Amino acid sequence: MEINNRFQTNFWLPYFLIGLLALIIFYSPYFILGKDSVWYANDYLELVVPWYKTLIDQNAILKPNDFVVKGMLNELPRGVFASEWFLKTWFFYFLEPFQAILFNKILIQIIAFCSAFHFSWFWKKSWRGWPVMVFSLLWATLPFWPEGGIGTAFYPTVFFVFYQLSKGKLLTIKYMALIGFYVIYSQLHLHGLFVGIAVFLVGIGFWIRKKKTNPHYWYGLFLLTLLFTATNYRLFEIYFFARDWFIPHRAEYEIHSFAYFHQDFWGVFLNHLSKGILHGTYFSPFLIVVAGGGLFGVLSKKLYHKNQLPEEDKLLVKLLIGCLLIAGAASFLKYTPFLDSFELLKKLNQFSYDRFSLFIAPLLMMSLALVLQKIYCYKRWIFWGVGAIIISWNFLVLDDNHRNIFLKPLVGMGEHYPSYREFYAQKQFEEIKNFLNKNNTRPFKVGSLGIHPGVATFNGLKSIDGYTGNYPLTYKHQFFKIIKSELQPGGEKGLYSHFMGWGNKCYLFNQLQGDHFIRCKWFDRVELKNVDYNYDQLLKMGCKYLISTDPFIGEKRVKLLKLFKHKESAWDLYLYRVL
């Protein structure tokens, strides 16, 4: 690898500015549409955003871990929410929720572009010019999971820093600042742990091969570890040192019930290689197709000419072998027939230890860059064509907003997904709150059916239900008494397994609505007949009202108070009093 130490300002700047302008144009629909843009409830609108809003509304950012935050799942300890050392927390503090998620998303994409551009420009002299700009856009237009911060988006820079250290560079203030920035804008359980392990293993590999090592490489790893440990003190305390007052519901994870574990090795293996994962980034299947085609060409050429492979071709082979091994290992570690043979792995089921599969995206992207560079030197029109196809895929297929605004109307396929404004329906919920407040002088709680409880929580209604990655096991047991009769073990909808084996969604499940909690007003209604809830337990836990997208029919334990409709809402909501 050829990594130069100087940036030739008069050469790189035009390509950087053109690429950055293209990126801004790419994401401009978010600014133009504002709250009418589309953001999916893929562990985000229904989960993450209500977390932050609840935390901020109760001024609990700096409170101790055992401070009670009310509103979601009745009440939760401060320790289960995001740390004050996570940069995104402060976006929600200083900005309105929509402004915060928009700023966070655009910032992640811009940082991804800068990271990829910097890495690509210094990595290979032959890439400098248009190839670097295209490679950077290919990376920066991926739909990185917003709650992960720059955990995946910043991989090129993390690699650059530790590669430089492995080559004998000193751990300068610049490198320490980059490591520190990565730590405060990424998640330990999603990225930090796996990056640290990867850096450690690569360092050991260098040491074994070269018979020497740069101590500053290990200083860098120590700094990364120290900062991640310090900034995630809440996570360590609440999970490992608070068992005298807090036992997490994750203690009951069960691999044969939790759908994250599987018996489809090859299907999951191919998904890792052709699709990616939600909590890192999704990517185009063209990556593995083009990179695999390049590998086939390289190996065919070697067999025909029987000559030594150039270093770049050897690197391509190593990168793709690495992708295959990671995808295979990630699939295997959640493969239940394999897990049944290893008690240790079964005991670790509370943690997603297969998330090293996040490394597949950068390895595939690097493989793609190597292949495209060869194409650029051979036929530039093919280079531009392949680049345009993949970027268009990122734009129209992978991006939630663009897929709904442009692609679905263009092809006339796919159902309408609610916009941010429609999803949270703030004006409609203001009407509901005003109605309830007029009829109540004492605190009350609500439950949600057919609509994510996070919507009610977001709008300031204290909810008995909710979605979170960590809450008290005792509350799960209490809540189970409400929905027990609706969770049929072995049922077709898998609701029993969903709640008892996983349980992050502490929802008012029933057999009629299943696990479908985006029942918008433009969908067909479901009549809620013979829903067998334990209504006495509902009242015992303080749930006085139910908000439902579908009407109850013939249920004597609930009374319809009013049907709420609003043109800016995705929902027609029936408000019931529990009797």
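Which residues does G19 touch, not counting residues up to four places away in sequence? The model discussed here is predicted, and in it G19 touches F113, M133 and L137.

**Helix α1 and G19**

G19 is placed in helix α1, which covers residues 9-33. Its relative accessibility is 0%, and because buried means under 20%, G19 counts as buried. Along the chain, G19 and Y30 are 11 residues apart. In space, the C-alpha atoms of G19 and Y30 are 18 Å apart.

**Helix α4**

Helix α4 takes in residues 97-123. How far apart should the ends of its 27 residues be, at 1.5 Å a residue? The expected span is 39 Å, and the end C-alpha atoms of α4 are 38 Å apart, so the two values agree. Helix α4 is also mostly covered, since 21 of its 27 residues are buried, that is, under 20% relative accessible area.

**The four-stranded sheet**

Strands of a sheet pair through backbone hydrogen bonds, and the pairing can be parallel or antiparallel. In this model, one open sheet has four strands in the order β5-β9-β12-β11, and its pairing is mixed. The strands at the edges are β5 and β11, each of which pairs on one side only. On average, neighbouring strands of this sheet are turned by 25 degrees against each other, direction ignored.

The residue ranges of the four strands are as follows.

| Strand | Residues |
|---|---|
| β5 | 445-449 |
| β9 | 543-548 |
| β12 | 573-578 |
| β11 | 558-564 |

Strands β11 and β12 run antiparallel and are joined by six bridges. Within this pair, L560 stands opposite Y576 in β12. A helix, α20, made of residues 426-438, lies across β5, β9, β11 and β12. Helix α20 runs at about 135 degrees to β11.

**Cavities**

How many cavities of 30 Å³ or more does the structure hold? There are two. The largest cavity has a volume of about 60 Å³. Its lining is made up of T152, H272, G276, I277, G280, T281, F283, S357, L358, I360 and A361. Two elements, strand β3 (276-277) and helix α16 (360-378), each supply at least two residues of this lining.

Terms used. Residues numbered from 1 in each chain as written. Predicted model: local features only at pLDDT ≥ 70, side-chain atom pairs only at ≥ 80, totals over all residues. Heavy atoms only, no water. Pairing = 2+ DSSP bridges. Axes fitted to C-alpha atoms, helices over the stretch in contact; angles between N-to-C directions. Contact = heavy atoms within 4.5 Å. Expected span 1.5 Å × (residues − 1). Buried < 20%, exposed > 50% of the residue type's maximum accessible area, 1.4 Å probe, protein only. 1 Å grid on protein atoms, 1.4 Å probe; cavity = no way out; pocket = protein on both sides within 12 Å on 5 of 7 lines; lining within 4 Å. Points joined across faces, edges and corners; volume = space filled by probe spheres on them.
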